Amino acid sequence: MKKIISIIILVATLTLVGYVLIKFSKKEESSTQTQNNQKITVVTTLFPFYDFAKNIGGDKVEVSLLLPPGAEPHSFEPRPTDILQISSADVFIYTGDLMEPWVDDLLQGIDSRDLIIIDASQEVDLVKTEHGHGHAHHDHENEDAHESDHEKTLELNNHYQESHLDPHFWLDFSNAQAVVKSIARALKNVQPENQELFENNAERYNLALSNLDQKYHQQLANCSTRKIIYGGHYAFGYLAHRYNLDYIAAQGFSPNSEITAQNLAELTEQTNQEKLNYVFYEELENSKIAEIIAKETNTETLPLSSAHNVSKKDLNENVSFISIMEKNLTNLTKGLNCNFKHE
Ligand SMILES: [Zn+2]
């Protein structure tokens, strides 16, 4: 709660500064640049939307990713510079209030009259599931030392638990396509003269997503097991549902949710029962849970990336949402022992 209040105060202070800066910079821009070579500024919270916006906007956009490389997205909170950046952008894309509960307060604190806001969760149907419960048990041991972190973790877990809604909708590629369309619409609203370009780019990108979807269907059709044992948070529910896989994660909807001995025992038991050869670990998060299960069951580990965020190295190497998902498919094909040969 303390954090929320301090954000509100911060936002209020920055509003005035931001307002003056925006007025000043907009005046500057119009007098020194022509309409045509002005880039559309887009700010996004998660990596998938960053990558979509770059693909749709091409050289007409300047896209920024709010999350620092490698940062954990569920507990991210914006810094003052982020708030300024959002308030002076043309388009702001976020996942929704389950993923970024701070957005509502932030938007109330800035002058957003000229800002096009995309709440991506409004473009799709969120799925309700009991799996994302998390285990918000109190860990009294380190309570004093980590009071604020702990408080925040509980707040987040309660947030997910109350709704049972899974925020990881981008891992169903048809949802990703809906978001792509809404981004194209937003860019078109800012620069109507480039409407055709944005629509063509979006169409091309959505075709690539359709091809990816087809590859998933084909490659995962014939496997010795359909069970994904995941030593991370419950992020792949949408993907598992789409390709008829059985997905069991060690944690709830957030990587901050605790893992109980009971969870670990269940995952270990399932791995043994199904005679699996691989368990999966969460790329960019802790791989320890998967390693413990693998050691216990004499299996090996493989990474799966839910693409909320990417590492600094991957960002520098221009990794794409599609290439991340292709790597996931390769690992799923191997880990589930799927019978598929490339022609
Ligand atoms: Zn997540």
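**Entry 1: the core**

A nonpolar core, as I use the term here, is a set of buried Ala, Val, Leu, Ile, Met, Phe, Trp, Tyr and Cys residues joined through side-chain atoms within 4.5 Å. I note at the outset that I am working with a predicted model.

Which residues touch the most other members of the largest nonpolar core? I found Phe52, Phe92, Tyr216 and Phe321 in that role, in a core of 80 residues. Helix α6 gives the largest share of this core, with eight residues. I also looked at the domains: domain 1 (2-209) and domain 2 (223-335) each supply at least three residues to this core. A general reminder to myself: in soluble globular proteins, nonpolar side chains tend to be buried together.

I then looked up a second, separate core, which has ten residues, including Leu267, Ile289, Ile293 and Ala294.

**Entry 2: Phe321 and its partner**

I stayed with Phe321 and listed what it touches, leaving out residues up to four places away in sequence. The list is Phe47, Pro48, Asp51, Phe52, Trp170, Phe173, Tyr205, Leu209 and Ala307.

Next came the aromatic rings, and I found 17 aromatic pairs in the structure. For each pair I kept two things in mind, the distance of the centres and the angle of the planes.

My first pick was Phe49 with Phe52, where the centres are 6.4 Å apart and the planes stand at 65°, an edge-to-face pair. Both sit in helix α2 (residues 47-57), and because they are three residues apart, about one helical turn separates them. Are these two buried or exposed? Phe49 is buried at 0% relative accessibility, and Phe52 is buried at 0% as well.

Phe173 and Phe321 came next: their ring centres lie 6.2 Å apart with the planes at 85°, so I logged this pair as edge-to-face too. Here the partners come from distant parts of the chain, with Phe173 in helix α6 and Phe321 in helix α12 (residues 321-335), 148 residues apart. Both Phe173 and Phe321 are buried.

I can place these four rings in one aromatic cluster, together with Phe169, Trp170, Tyr205, Tyr216 and Tyr243.

**Entry 3: the zinc site**

Which protein residues are donors of the zinc ion? I found His74, His168, His233 and His308, each through NE2, at 1.9 to 2.1 Å from the zinc ion. The angles among the four donor atoms run from 100 to 119°, and the site is tetrahedral. For anyone scanning the sequence, I wrote the donor spacing as H-x93-H-x64-H-x74-H.

I then asked where two of these donors sit in the fold. His168 is in the loop between β6 (165-166) and α6 (173-190), and His308 is in the loop between β10 (300-304) and α11 (312-316), so this pair ties together parts that are 140 residues apart in sequence. His168 is buried at 0% relative accessibility, and His308 is buried at 4%.

**Entry 4: around His308**

I finished with the surroundings of His308. Setting aside neighbours within four places in sequence, I find it in contact with Leu46, Phe47, Pro48, Leu67, Pro73, His74, Met99, His168, Trp170, His233 and Ala235. One more look along the chain: Thr45 is 263 residues from His308 in sequence, yet the C-alpha to C-alpha distance is 8.9 Å.

Note on methods. Residues numbered from 1 in each chain as written. Predicted model: local features only at pLDDT ≥ 70, side-chain atom pairs only at ≥ 80, totals over all residues. Heavy atoms only, no water. Donors = N, O, S within 2.8 Å, 3.2 Å for Na, K, Ca; no water. Tetrahedral: all angles 85-135°; square planar, octahedral: opposite > 155°, others 65-115°. Helix = DSSP H or I, 4+ residues; strand = E, 2+ residues; numbered from the N terminus. Buried < 20%, exposed > 50% of the residue type's maximum accessible area, 1.4 Å probe, protein only. Phe/Tyr/Trp six-rings, centres within 6.5 Å; stacked < 30°, edge-to-face > 60°. Domains from an automatic or database assignment. Contact = heavy atoms within 4.5 Å.
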